[in-house]
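User: Could you take me through one spot in this model up close, then follow its surroundings as far as they lead? I'm new to this, so please explain the terms as you go.

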Amino acid sequence: MSESVRLEDKVVIVTGAGGGLGRAHALLFARHGAKVLVNDLGGSAQGEGANASAADRVVAEIRAAGGTAEANHDSVTDGEKIVQNALDAFGRVDVLVNNAGILRDKSFHKMDDSDWDLVYRVHVEGAYKVTRAAWPHLREQNYGRVIFTASTSGIYGNFGQANYGMAKLGLYGLTRTLAIEGRKNNILVNAIAPTGGTRMTEGLIPPQVFEQLKPELVSPLVVYLGSENCQETSGLFEVGGGWIGKVRWERSLGAGFDPRAGFSPEDVAAHWQQICDFDGAAHPKDNIEALKEMMANLQKYAL
Ligand SMILES: NC(=O)c1ccc[n+]([C@@H]2O[C@H](COP(=O)([O-])OP(=O)(O)OC[C@H]3O[C@@H](n4cnc5c(N)ncnc54)[C@H](O)[C@@H]3O)[C@@H](O)[C@H]2O)c1
């Protein structure tokens, strides 16, 4: 029999939970017994305006199904207000799902500062502010689960999404360091790169596929990562359409040159194939492991 994932007595904040993926996460957390703070500013997909009804509707859905939830209508850039709301409503916070997001797609040569800044502010600064406000509480209680929402547009790049790709991969960088800093306090931190049929992807994905990429198909991973059952940290997972896979960095074994004698751009060109050869590639887990080949090269040529 498979182990059951329970979240009774756990308090979960899901940002941007008034629709799309966040709504699906909030509903599933509540179904697994968690008390959920449903945050949503309720603006447009481009980050304009605000409307309390998005979060309120999801809270009503959760309550109608017998679950416990409260609505919060602050922007994630006011992270401390969101965390305070969870503390006021439920007395604690255990799990944080940083999900709120917007798009300002434009090819780079047409992008202006406001497109760049707003995407940075909602995704990166917003996730930072909510997480920073929750962090002391997670540390103090020696328990926490934090999930960041990255994107394949950050991992692989995507035309017209320079701002969004920067923000989304930035969140993975944040994930990796918070996983290291959180470990001793049992705070586990992971990132997902989801694909789902939401207002954000409507018109971008062919309608037939869009229909099948139900947001609910992303949430089981998020609830698992947010549970006590999960011991994973520092992970990055692609998820959608009923499929989940883990992503990791891969680095070639590289080419070494004599650091004392020096080497030229021509030497680099001559070794290009070896530099880019992934046969027997390494998968460094941390900075120390990543530096191993470089240190070995220094030693090889040491006096
Ligand atoms: N749908 C996908 O295929 C896909 C792919 C990769 C990443 N993502 C990411 O998943 C997350 C959810 O996106 P979605 O597809 O459900 O889109 P969505 O537009 O349906 O949901 C995003 C929600 O965030 C809320 N929001 C926006 N700015 C906010 C702010 N400042 N404060 C609080 N709430 C705010 C919106 O009101 C909205 O309800 C986003 O971070 C998005 O970038 C989605």
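Analyst: Let's start with Gly66, which counts as exposed because its relative accessible area is 65%. The scale works like this: buried means under 20% relative accessible area, exposed means over 50%, and partly exposed is in between, using a 1.4 Å probe and protein chains only. Before going on, keep in mind that this is a predicted model, where local features need pLDDT of at least 70 and side-chain atom pairs count only at pLDDT 80 or more, while totals for chains, interfaces and linings use all residues. Residues are numbered from 1 along each chain as its sequence is written, and side-chain values use heavy atoms, with hydrogens and water left out.

Gly66 sits in the loop between helix H2 (53-64) and strand S3 (68-72). Helices (H or I, at least four residues) and strands (E, at least two) are DSSP runs, numbered from the N terminus. Gly66 also has a partner from elsewhere in the chain: its C-alpha atom is 8.3 Å from that of Arg31, although their positions lie 35 residues apart in the count along the chain.

Arg31 brings us to helix H1 (20-31), and H1 is one of the helices supplying at least two residues of the shell around the ligand; helix H4 (113-140) and helix H6 (162-182) do so too. In total, 30 residues surround the ligand, and the closest are Leu21, Asp40, Asn99, Tyr164 and Thr198. Here a residue is near a molecule or strand if one of its heavy atoms lies within 4 Å of it. Sorted by class, the shell has ten nonpolar, 16 polar and four charged residues. For that sorting, Ala, Val, Leu, Ile, Met, Phe, Trp, Tyr, Cys and Pro count as nonpolar, Asp, Glu, Lys and Arg as charged, and the others, Gly among them, as polar.

What do the polar atoms of Leu21, Asp40 and Tyr164 do here? Leu21 uses its backbone: a polar atom there is 2.8 Å from an oxygen atom of the ligand. Asp40 has a polar side-chain atom 2.5 Å from a ligand oxygen, and Tyr164 likewise places a polar side-chain atom 2.5 Å from an oxygen atom of the ligand. Taken alone, the ligand exposes 820 Å², and the protein buries 95% of that. These areas come from the Shrake-Rupley method with a 1.4 Å probe; for residues, only the protein chains shown count as cover.

Thr198, another of the closest residues, is in the loop between strand S6 (187-194) and helix H7 (207-212). Thr198 is buried because its relative accessible area is 14%. Not counting residues up to four places away in sequence, Thr198 touches Gly20, Leu21, Phe210 and Pro215, where contact means heavy atoms within 4.5 Å.

Now for helix H6, home of Ala167. Ala167 counts as buried because its relative accessibility is 0%. Beyond its sequence neighbours up to four places away, Ala167 touches Val119, His123 and Val124. Ala167 and Gly154 are 13 residues apart in sequence and 7.4 Å apart from C-alpha to C-alpha.

After H4 comes a loop leading to strand S5 (144-149), where we find Tyr143. Asn142 is in that loop between H4 and S5 as well. Tyr143 counts as buried because its relative accessibility is 7%, whereas Asn142 is partly exposed at 39%. Asn142 has a positive phi of about 55 degrees although it is not a glycine. The side chain of Tyr143 has a polar atom 3.3 Å from the backbone nitrogen of Glu228. A polar contact is a pair of N or O atoms within 3.5 Å; within protein, one must be able to donate a hydrogen and the other to accept it, and residues adjacent in sequence count only if both atoms are side-chain atoms.

Finally, which residue's side chain does Ser234 meet in a polar contact? The partner is the side chain of Arg176, at 3.2 Å. Ser234 lies in the loop between helix H8 (219-225) and strand S7 (236-240). Ser234 counts as buried because its relative accessibility is 14%. Its phi is near 75 degrees, a positive value in a residue other than glycine. Leaving aside neighbours within four places in sequence, the contacts of Ser234 include Tyr172, Thr175 and Val189.
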